[in-house]
Amino acid sequence: MNRRRYRKFLLWCLGLDILAMGWLGYRYIDRKVPDEIYVSEGEDQKVAQLLEHPLLKFEDAIAVSGEGSYLLPCRLLGFIPFKDIKVMPAENGTVYASGNTVGIYMETEGVLIIDSGEIMTEQGTSQDPAKNIVKPGDYIVAFNEQKVTSKQELIEDISHLDGDDVTLDLLREGQEVPVSLTPVKDTNGDYKLGIWVRDNTQGIGTLTFVDKEGNYGALGHGISDVDTGELLHISEGSLYQAEVLGIQKGESGSPGELSGLIRYEPGRVLGNIDINSKNGIYGHIFAGKEGMFLKKMPVAYKQELKTGPASLLCCVNGKVQEYQAEITRIDMNHEDTNKSFVLHVTDPELLEATGGIVQGMSGSPIIQDGKLVGAVTHVLVNDPTRGYGIFIENMLEAAE
């Protein structure tokens with residue numbers, strides 16, 4: 001009896017192992033074969049070659065629109081339906097790759113709530129009037145039905161409180177939500193709401209590209225609030241000239257950083273910031289292009305990337321230089337588009353200066369075979385010589 005149970009147990013384990021291996025194999029192939037691709041003019045006959053995989057067989061294309069896009073069905077082992085790849089026509093595009101360090105200043109849409117906090121009252125008790133009413137990541141857009149655009153406006157409104165309940169209109173997950181708060185009088189006799197707020201952010205990053213119309217993309221990832229971790233909703237912003245003053249070298253477990261100087265002066269503004277998206281910041285350059293590094297080059301679509309030698313453009317010593325690197329892994333369908341491939345810095349000069357990838361290098365253009373293929377987005381904390389990149393096609397989509 002025990003022997004029979006043991007056999008059953010082994011068979012169950014074997015079955016689970018087979019299922020797990022099958023699922024992992026399926027996921028691996030799914031990550032290697034994109035769900036959709038852009039194909040430039042004259043390359044549509046080479047699609048199956050671009051996507052070639054020993055375990056997949058591609059069938060005849062199925063037209064799906066009058067604009068020339070179509071579905072390309074593929075089967076696993078020749079008979080198991082796997083996925084339909086959407087193939088979309090695209091022009092052979094060129095942009096100006098950059099690598100310049102830029103200063104970033106953005107103002108939020110409304111006033112961002114970081115957290116609620118306790119207030120010591122006149123009676124010596126502690127109260128938290130906003131607890132469980134407001135949430136970190138909410139934006140105050142109106143105070144007693146009066147529009148609020150800045151932290152200073154909110155402070156002025158709070159200074160006129162007389163103890164009556166106030167209504168705040170909050171922007172929460174894209175929806176406007178009204179809430180009511182009862183102010184508390186503190187030990188100084190002033191009424192407070194017990195909320196911590198912020199209305200702007202600033203920092204440095206790297207300019208990735210500028211197109212012929214002056215539209216740009218930078219960073220390759222969005223700017224999130226340091227306290228809430230949420231992507232910032234912005235009302236306006238500006239891109240400034242910036243200078244790298246120092247470098248904190250990256251080490252395992254401790255990401256490095258570029259220390260920069262930004263002079264927030266009208267004469268040093270490069271352009272505006274219109275979009276803060278998960279795939280970068282975008283806007284229009286309208287001044288100062290004469291002193292910028294801009295190298296015209298064609299863009300590559302993601303199916304053109306391959307593991308092997310590459311390079312990146314960045315500014316760590318006062319001028320933009322090209323440094324050697326290597327693409328070691330490519331993920332065509334990563335859930336996080338700004339972690340689509342892994343880059344390994346191999347250039348001795350850059351490794352000596354920074355230890356690899358450091359904060360402030362986000363947006364550094366990545367080049368392979370003479371084409372702009374993507375941008376640096378993140379550093380691996382346990383190995384600063386390696387980091388993630390975003391496909392340039394995802395940045396160009398966001399820019400549109």
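**View 1. Thr-206, a buried residue in strand S16.** Buried here means under 20% relative accessible area. At 2% relative accessibility, Thr-206 falls below that cut-off, so Thr-206 counts as buried. Keep in mind that this is a predicted model. The residue sits in strand S16, which covers residues 195-210. Leaving aside residues up to four places away in sequence, Thr-206 touches Gly-99, Asn-100 and Val-102. Its other contacts are Ala-218 and Leu-219, plus the run Gly-360, Met-361, Ser-362, Gly-363, Ser-364 and Pro-365.

**View 2. An aromatic cluster of Tyr-105, Tyr-240 and Tyr-264.** The count of aromatic pairs comes to three. Take Tyr-105 and Tyr-264: their ring centres are 5.8 Å apart and their planes meet at 65 degrees, so this pair is edge-to-face. Tyr-105 belongs to strand S7 (residues 101-116), while Tyr-264 is in the loop between strand S19 (257-262) and strand S20 (269-277), so the pair ties together parts that are 159 residues apart in sequence. Now swap Tyr-105 for Tyr-240. With Tyr-264, Tyr-240 has a centre separation of 5.0 Å and a plane angle of 85 degrees, so that pair is edge-to-face too. Here the link runs from strand S18 (residues 234-248), home of Tyr-240, to the loop between S19 and S20, and the two residues are 24 residues apart. Which of these is buried and which partly exposed: Tyr-240 or Tyr-264? Tyr-240 is buried, with a relative accessible area of 10%, whereas Tyr-264 is partly exposed at 39%.

**View 3. Gly-246 in strand S18.** This glycine is partly exposed, with a relative accessible area of 22%. Where does the chain come back to Gly-246? Not counting residues up to four places away in sequence, Gly-246 touches Glu-257, Leu-258 and Ser-259. For Ser-259, 13 residues apart from Gly-246 along the chain, the C-alpha to C-alpha separation is 5.0 Å.

**View 4. A closed barrel of six strands.** Go round the barrel and the order is S23-S24-S25-S28-S27-S26, with antiparallel pairing. Neighbouring strands of this sheet are turned by 45 degrees against each other on average, direction ignored. Strand S23 (residues 308-315) and strand S26 (residues 365-368) run antiparallel and are joined by two bridges. Ser-311 stands opposite Ile-367 in S26. Helix H5 (residues 392-399) lies across strand S27 (371-380) and strand S28 (383-391), and runs at about 50 degrees to S28.

**View 5. The largest nonpolar core, with 24 residues.** In soluble globular proteins, nonpolar side chains tend to be buried together. Which residues touch the most other members of this core? They are Leu-312, Leu-350 and Met-361. S23, strand S24 (320-330), strand S25 (341-345) and S27 each supply at least two residues of the core, and the largest share, four residues, comes from S24. Zoom in on Leu-350 and, not counting residues up to four places away in sequence, you find contacts with Leu-312, Cys-314, Val-316, Tyr-323, Val-345, Gly-355, Gly-356 and Met-361. There's also a second, separate core of 21 residues, which includes Met-106, Leu-207, Val-210 and Tyr-216.

Technical notes:
Residues numbered from 1 in each chain as written. Predicted model: local features only at pLDDT ≥ 70, side-chain atom pairs only at ≥ 80, totals over all residues. Heavy atoms only, no water. Phe/Tyr/Trp six-rings, centres within 6.5 Å; stacked < 30°, edge-to-face > 60°. Buried < 20%, exposed > 50% of the residue type's maximum accessible area, 1.4 Å probe, protein only. Pairing = 2+ DSSP bridges. Axes fitted to C-alpha atoms, helices over the stretch in contact; angles between N-to-C directions. Contact = heavy atoms within 4.5 Å. Core = buried A, V, L, I, M, F, W, Y, C linked by side-chain atoms within 4.5 Å.
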